Amino acid sequence: TSKVGIFEADLETFEVHWDDRLVAMYGLGGAGRTFPNGTWQSLLHPDDYDQAVGRNLESIKTGDELYNQYRIFRRDDGEMRYLRSRASTFVGPDGRKRLLGVTWDVSEDIHLHQQLEGAKKRMEYMALHDHLTELPNRRYLDAMLDEVGAACERDGQSLAVFHIDLDRFKQINDTLGHTAGDEMLKHAARILQDNIGPTDFVARIGGDEFVILSPFEGTRQKLSTLA
């Protein structure tokens with residue numbers, strides 16, 4: 001069964017004939033038939049309405065080939081679907097100008113693309129963050145050192161670099177176990193995040209070691225609450 005629906009619109013009355021496949025695609029039920037102007041528009045996602053309708057009108061006005069992508073809500077079940085259309089104008093045997101085109105459902109392709117983009121973002125996040133504390137890791141820190149350093153030089157600022165480790169962390173691991181040690185690291189990470197300034201950057205670089213980058217104007221005391 002073809003997954004492509006066909007439509008033909010009379011550009012004087014704007015009535016449009018949809019074939020069986022297109023009627024099913026829009027969830028209108030029954031066989032192919034002619035629909036009044038506004039049927040298609042009434043099923044468009046509100047966020048896509050202006051662009052989709054605008055492209056149609058522009059194509060009709062200029063005679064250029066139409067290419068459109070938009071979301072619709074099926075009338076029968078309310079499900080949102082992603083559709084694409086291609087169409088072009090022609091003059092029929094009766095001398096009336098018409099628009100002939102095809103529409104197909106690309107929802108599965110769009111959903112797959114969204115899943116791949118989500119997976120890509122998760123992979124990028126994992127590559128730049130510590131899995132335990134979710135703080136930026138050493139790789140992220142190296143990149144930020146270059147970026148923040150260059151910004152400080154450009155803006156005439158100074159950059160303070162704080163290297164922090166936890167006292168007696170090995171003793172916690174040895175006596176209370178690694179689970180307790182992990183909780184201590186996560187607790188330390190939360191304290192650091194809660195106390196750094198809005199332009200500061202904190203990373204866990206391994207073990208019980210953390211680094212904070214802090215741009216500043218002149219000399220000032222930083223992180224007194226962490227002492």
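## Exercises on a predicted model

Phe169, Ile172, Asn173 and Leu176 in α6 meet His178, Ala180, Gly181, Met184 and Leu185 in α7. By class, this contact between α6 and α7 comprises six nonpolar residues, three polar ones and no charged ones. The structure is a predicted model, and the exercises below work through its parts.

### Exercise 1: two helices

Describe how the axes of α6 and α7 are placed relative to one another.

Solution.
- Step 1. Locate the helices: α6 covers residues 169-176, and α7 covers residues 178-195.
- Step 2. Consider the distance between them: the two axes come within 6 Å.
- Step 3. Consider the angle: the axes cross at roughly 145°.

### Exercise 2: the order of a sheet

Determine how the six strands of the open sheet are ordered, and which strands form its edges.

Solution.
- Step 1. The order is β3-β2-β1-β6-β5-β4, with antiparallel pairing.
- Step 2. An edge strand pairs on one side only, and this holds for β3 (33-35) and β4.
- Step 3. From one strand to the next, the twist averages 30°.
- Step 4. Helix α3 packs on this sheet, where it touches β4, β5 and β6, and its direction makes about 150° with that of β4.
- Step 5. Helix α4 (residues 107-128) also lies across β4, β5 and β6, and runs at about 130° to β5.

### Exercise 3: pairings within the sheet

For the pairs β4 with β5, β5 with β6, and β1 with β2, state the number of bridges and give one pair of opposite residues.

Solution.
- Step 1. Strand β4 (residues 66-73) pairs with β5 (residues 80-91) over eight bridges in the antiparallel sense. Here Tyr67 is opposite Arg86 of β5.
- Step 2. The hairpin of β4 and β5 has six residues between its strands, and Gly78 takes a positive phi near 75° in it.
- Step 3. Nine bridges connect β5 with β6 (residues 97-105), again in the antiparallel sense. Ser88 stands opposite Leu100 in β6.
- Step 4. The hairpin of β5 and β6 has five residues between the strands, and Gly95 in its turn has a positive phi of about 85°.
- Step 5. β1 and β2 run antiparallel and are joined by three bridges. Ala9 has Val16 of β2 opposite.

### Exercise 4: the nonpolar cores

Identify the residues that touch the most other members of the largest nonpolar core, and the elements that contribute to this core.

Solution.
- Step 1. The largest core holds 23 residues, of which Phe7, Trp18, Tyr26, Leu28, Trp40, Leu44 and Tyr70 touch the most other members.
- Step 2. Two or more residues of this core come from each of β1 (4-10), β2 (16-18), α1 (20-25), α3 (46-62), β4 and β5.
- Step 3. Take Leu28 as a case: leaving aside residues up to four places away in sequence, it touches Trp18, Val23, Arg33, Phe35, Thr39, Leu43 and Arg75.
- Step 4. There is also a second, separate core of 11 residues, among them Phe169, Ala188, Val202 and Phe210.

### Exercise 5: a serine in a helix

Decide whether Ser107 is buried or exposed, and list its contacts.

Solution.
- Step 1. Ser107 lies in helix α4.
- Step 2. A residue counts as buried under 20% relative accessible area. The value for Ser107 is 0%, so Ser107 is buried.
- Step 3. Beyond residues up to four places away in sequence, Ser107 touches Arg81 and Tyr82.

### Exercise 6: strand β9

Explain why β9 is described as largely enclosed, and name its partner strands.

Solution.
- Step 1. β9 comprises residues 209-216, and seven of its eight residues are buried, so the rest of the structure largely encloses this strand.
- Step 2. With β7 (residues 158-165), β9 forms eight antiparallel bridges. Leu159 has Pro215 as its bridge partner in β9.
- Step 3. With β8 (residues 201-206), β9 pairs antiparallel over five bridges. Ala203 has Val211 as its partner in β9.
- Step 4. The hairpin of β8 and β9 has two residues between the strands, and Gly207 takes a positive phi near 55° in it.

### Exercise 7: confidence

Establish which elements have the lowest and the highest mean pLDDT, and where the pLDDT is below 50.

Solution.
- Step 1. The chain has a mean pLDDT of 90, and 95% of its residues reach 70 or more.
- Step 2. Among the elements, α6 has the lowest mean (88) and β4 the highest (96).
- Step 3. The pLDDT is below 50 over residues 219-227, a stretch with 14 contacts in the model beyond near neighbours in sequence.
- Step 4. Where pLDDT is low, predicted coordinates should not be read in detail.

How values were computed: Residues numbered from 1 in each chain as written. Predicted model: local features only at pLDDT ≥ 70, side-chain atom pairs only at ≥ 80, totals over all residues. Heavy atoms only, no water. Axes fitted to C-alpha atoms, helices over the stretch in contact; angles between N-to-C directions. Helix = DSSP H or I, 4+ residues; strand = E, 2+ residues; numbered from the N terminus. Contact = heavy atoms within 4.5 Å. Nonpolar A, V, L, I, M, F, W, Y, C, P; charged D, E, K, R; others polar. Pairing = 2+ DSSP bridges. Core = buried A, V, L, I, M, F, W, Y, C linked by side-chain atoms within 4.5 Å. Buried < 20%, exposed > 50% of the residue type's maximum accessible area, 1.4 Å probe, protein only. pLDDT = per-residue confidence, 0-100.
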